[in-house]
Amino acid sequence: MPKRVQDALDAWGEGAKVFSLIRDPKVLRSLSPSAIRGLVLKRGKQGPTASMPAQHAALFQWGYHRDQPEMAELYRRAKANQWDSDDMPWQLDVDLEDPTTAVVPVDFLDWDLARSCGIHLDERERGRLLRDFGAWALSQFLHGEQGALYAAAQVTEAVEFYDGKLYGATQVMDEARHVETFSRYLQTKVGKLYPVQDNLYTIIDALMTDGRWDIKFLGMQIMIEGLALGAFGIMYRRTNEPLIREILKNVIRDEARHVHYGVVALREHIKGLTERERNEREDWAFQVAMLMRNRWLAYEIYEEWFVGTISRDKWRQFILNAPGAAEFRALMFSRLIPNLREIGLLTPRIQPAYEKAGLMRFFEGPAANRLGERELLS
Ligand SMILES: [Fe+2]
Ligand SMILES: [Fe+2]
């Protein structure tokens, strides 16, 4: 069979697998339209813009009573810790092909495994591949930040807490600054921008179009922000490139507040839900966690570099077994699982499912509201 036909079939099979993973019919109903738009129709790659219809209600508070001291404290801290992207050391030269300053380090990939998967590159080509990986990761950060900007705006309108609305406005500003900063880095230092990855598009679409503010929160503040904190943390720890380190240090501080806010808002809200409503959210979170687990496969790089040379399956083996990918999964779930526990969405009812997925080892970790800056940046 020609390689391209094989690749097309493989992509369809993978899309179908996503649907088969979702067992709960209510979750399937709420995620399917987004999965079709993201994974099948590939809306994120169909042009320079994409529109996602919103269905939530803007909730007005006429009493203006301070109702959540922990959110009020986060609001105070957010106002005091604003920073300006223009103050970053933009004058520094950046060379992402140099292994000593690449944003994705050379040991992120396993080069023996690469050879056994049919990838044969000399040293210069490896440098270029690592540069492209860096550009790909930073592009996904940027697209995720754009999603965070609009989701934060929606949640600011919809959230039921007055202090949450004030705090939410600071998050909108933070996310705008993150979009500004990552796009400036990509434009002026990297010169390359990859399109949004299909899974990321799907999750963003699902939370932007769901009318329930707590699902938006769960999707953005807990799942995507938790994922982002893991990814930013790895890059910050592993790269020696001084400009991106300075940017990430500032972004991580902001994101830590965002996840903290998500934990506080959802913890209070979920206490008031019926058992049925809580079970639905618990299942939704589990399914989205499963969708995120093995799906950061950088096919956009495969398509650019290796299509027609090696199969998608070989590429998948190469990426899934890369040392950096294992590190990323572990850090992502070490952030996510304790937060789900803290908000009340990891009850004994769902724990066997997480156990089966090998994720209960993260259960006892500290949730975002107890994580200090030192832990996040070490
Ligand atoms: Fe952000
Ligand atoms: Fe954020």
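# Helix packing exercises

The crossing of helices α6 and α9 is left-handed, where left-handed says that the near helix is turned anticlockwise from the far one by less than a right angle, and right-handed that it is turned clockwise. Helices here are DSSP runs of H or I with at least four residues (strands: E, at least two), numbered from the N terminus. The model is predicted, so local features need pLDDT of at least 70 and side-chain atom pairs count only at pLDDT 80 or more, while totals for chains, interfaces and linings use all residues. Residues are numbered from 1 along each chain as its sequence is written, and chains are lettered from A and ligands numbered from 1 in the order in which they are written.

## Exercise 1: α6 against α9

Work out how α6 and α9 are oriented, and which residues of α6 meet α9.

Step 1. Get the geometry: α6 covers residues 162–190, α9 covers 242–271, and they pack at about 150° with axes 11 Å apart. Axes are lines fitted to C-alpha atoms, for helices over the stretch in contact, and angles run from 0 to 180 degrees between N-to-C directions.

Step 2. Classify it: that angle makes α6 roughly antiparallel to α9. The cut-offs are under 35 degrees for roughly parallel, over 145 for roughly antiparallel, 65 to 115 for roughly perpendicular, and oblique for the rest.

Step 3. List the residues. From α6 come G164, Y167, Q171, D174, H178, T181 and Y185; from α9 come I244, I247, V251, D254, H258, Y261 and A265. Contact needs C-beta atoms, placed from the backbone, within 7 Å.

Step 4. Sort by class: seven nonpolar, five polar and two charged residues make up the contact of α6 with α9. Ala, Val, Leu, Ile, Met, Phe, Trp, Tyr, Cys and Pro count as nonpolar, Asp, Glu, Lys and Arg as charged, and the others, Gly among them, as polar.

## Exercise 2: two further helix pairs

Decide whether α9 and α13 run roughly parallel or antiparallel, then do the same for α5 and α7.

Step 1. Take α9 with α13 (residues 323–343): the angle is about 30° and the axes are 8 Å apart. That makes α9 roughly parallel to α13.

Step 2. Look at who meets whom: V259, V263, L266, R267 and I270 of α9 face N339, E342 and I343 of α13. The classes come out as five nonpolar, one polar and two charged.

Step 3. Now α5 (residues 123–158) and α7 (residues 198–209): their axes come within 11 Å and cross at roughly 0°. So this pair, α5 and α7, is roughly parallel as well.

Step 4. On the α5 side you'll find Q140, H143, G144, G147, Y150 and A151, and on the α7 side L200, I204, L207 and M208. Six of the residues are nonpolar, four polar and none charged.

## Exercise 3: the core

Find which residues have the most contacts inside the largest nonpolar core.

Step 1. Pin down the term: a nonpolar core is a set of buried Ala, Val, Leu, Ile, Met, Phe, Trp, Tyr and Cys residues joined through C-beta atoms within 7 Å. Buried takes 20 or more other C-beta atoms within 10 Å of a residue's own, exposed 12 or fewer, partly exposed in between, with C-beta atoms placed from the backbone.

Step 2. The largest core has 99 residues, and M223 and A231 have the most contacts inside it. Helix α8 (residues 213–238) gives the largest share, 16 residues.

Step 3. Zoom in on A231: apart from neighbours within four places in sequence, A231 contacts A137, F141 and F328.

## Exercise 4: loop residues

Say whether A368, M88 and Y64 are buried, partly exposed or exposed.

Step 1. A368 sits in the loop between α14 (351–356) and α15 (373–377). It has 27 C-beta neighbours inside 10 Å, so A368 is buried. Beyond four places in sequence, A368 touches A256, V259, H260, V263 and N339.

Step 2. M88 is in the loop between α3 and α4 (111–116), and its 17 neighbours inside 10 Å make M88 partly exposed. The C-alpha atoms of M88 and I247 are 6.9 Å apart, with their positions 159 residues apart along the chain. M88 touches T181, L243, E246 and I247, again leaving out residues up to four places away.

Step 3. Y64, in the loop between α2 and α3, has 8 neighbours inside 10 Å and therefore counts as exposed. Its phi is near 55°, a positive value in a residue other than glycine. Most residues other than glycine have a negative phi.

How values were computed
Two residues are in contact if their C-beta atoms, placed from the backbone, lie within 7 Å.
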